[in-house]
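Visitor: I am new to this structure. Please choose one part and take me through it closely, along with what lies around it.

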Amino acid sequence: MSRVIAVVNQKGGVAKTTTVANLGVASAQAGHRCLLVDSDPQGSLTISLGLDPDTLDSCTLYEAMVLAEDHAEHQAIKNVIRHNLQGVDLIPANLDLAAAELDLNQQYAREYALQRILAPIRDEYDFVLIDCPPQLGILTINALVAADSVLVPLATNYLSLRGLQLLLRTVRLVQSRLNSELRIEGLLPTLYDRRTSHHQETLQEVRRIFGEQHIRVFETVIPRSVRFEESPITGTPAVVYAPNTPGAQAYRALVQEVLTHA
Ligand SMILES: Nc1ncnc2c1ncn2[C@@H]1O[C@H](COP(=O)(O)OP(=O)(O)OP(=O)(O)O)[C@@H](O)[C@H]1O
Ligand SMILES: [Mg+2]
């Protein structure tokens, strides 16, 4: 059975996109069929997988999710999927998606647009990972409604920790009103510098606070490494660009950790 995981945090720059790209490609390397969905008008995931958002020729998530007529949705979603980019399939995005906020607000059942278009294709995959923008707007709500679970990348510093309660409240709201099946997959510590005592203390706090709330914090911690910043230039995620580094190993370990809690 397929699993749809939304990678969400309204805080910017906490490694959502890096996590989707590396977890996705690492899971493909481990033999799983994986679809990545770029639901951010910045198009960072699209770039990270080697595509130019300016040359997508009106074949993006926006066309499938917002513009397609109801009767043509099934074909529209097939048309926008790019196949086998480093082993994964991708629904790309570009700035056009910024109009989704306005367009969806005019539509009936606007929170269900992504769920509706993924429904006919999700079972072709073991994993569907959705990269969300750094807001809790309609695109993120669509991802939470389409998903079975939420994975939250969390930078190991004080301000990142502060923003988390708002996110958890949003998840609970979605659970109670729109998607009662939604679960929290786990919190993923990212950008971790083990030489920094503030990072060590924040990580301990995260494990303590969320342990008490019975929210899973992954054992895997993603270390800070310049390889992650370099790799988008090459159009390949770090698990391909620098496969033997601790960061790439951490994402491979994360695949196993996510799998063991199916
Ligand atoms: N473990 C890491 N070590 C060092 N740099 C990292 C790491 N993970 C991600 N980065 C870098 O940090 C920046 C932000 O990462 P990323 O784009 O994945 O975050 P994001 O949460 O998706 O951001 P946004 O909210 O803007 O979508 C990027 O330059 C990325 O290459
Ligand atoms: Mg991003």
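Guide: Let us start with a word we will need: a residue is buried under 20% relative accessible area, exposed over 50% and partly exposed in between (1.4 Å probe, protein chains only). This is a predicted model, where local features need pLDDT of at least 70 and side-chain atom pairs pLDDT 80 or more, while totals for chains, interfaces and linings use all residues. Residues are numbered from 1 along each chain as its sequence is written, chains are lettered from A and ligands numbered from 1 in written order, and side-chain values use heavy atoms, without hydrogens and water.

Helix 7, residues 138-146, is largely enclosed by the rest of the structure, because nine of its nine residues are buried. Among them are Ile138, Leu139, Asn142 and Ala146. Helices (H or I, at least four residues) and strands (E, at least two) are DSSP runs, counted from the N terminus.

Now for the part I would like to show you closely, the sheet. It is open, with seven strands in the order 3-4-2-5-1-6-7 and mixed pairing (a pair needs at least two DSSP bridges). Strand 3 (82-85) and strand 7 (183-190) are the edges; each has a single partner strand, so one side of each lacks a neighbour in the sheet. From one strand to the next, the twist averages 25 degrees.

Strand 1 (residues 3-7) runs parallel to strand 6 (residues 149-155), and three bridges join them. Here isoleucine 5 is found opposite serine 149 of strand 6. Helix 1 (residues 16-29) packs on the sheet and touches strands including strand 1, strand 5 (127-131) and strand 7, where contact means heavy atoms within 4.5 Å. The direction of helix 1 makes about 165 degrees with that of strand 5, using axes fitted to C-alpha atoms (for helices, over the stretch in contact) and N-to-C angles from 0 to 180 degrees.

At the strand 3 edge, two bridges join strand 3 to strand 4 in an antiparallel pair. Leucine 85 faces valine 88 of strand 4. This hairpin has two residues between its strands, and glutamine 86 takes a positive phi near 50 degrees.

Finally, a look at ligand 1. Of the 18 residues around ligand 1 (a heavy atom within 4 Å), those coming nearest include Lys16, Thr17 and Ser225. A backbone N or O atom of serine 225 lies 2.8 Å from a nitrogen atom of ligand 1, and a polar backbone atom of alanine 15 is 3.0 Å from one of the ligand's oxygen atoms.

Note on methods. A polar contact is a pair of N or O atoms within 3.5 Å; within protein, one must be able to donate a hydrogen and the other to accept it, and residues adjacent in sequence count only if both atoms are side-chain atoms.
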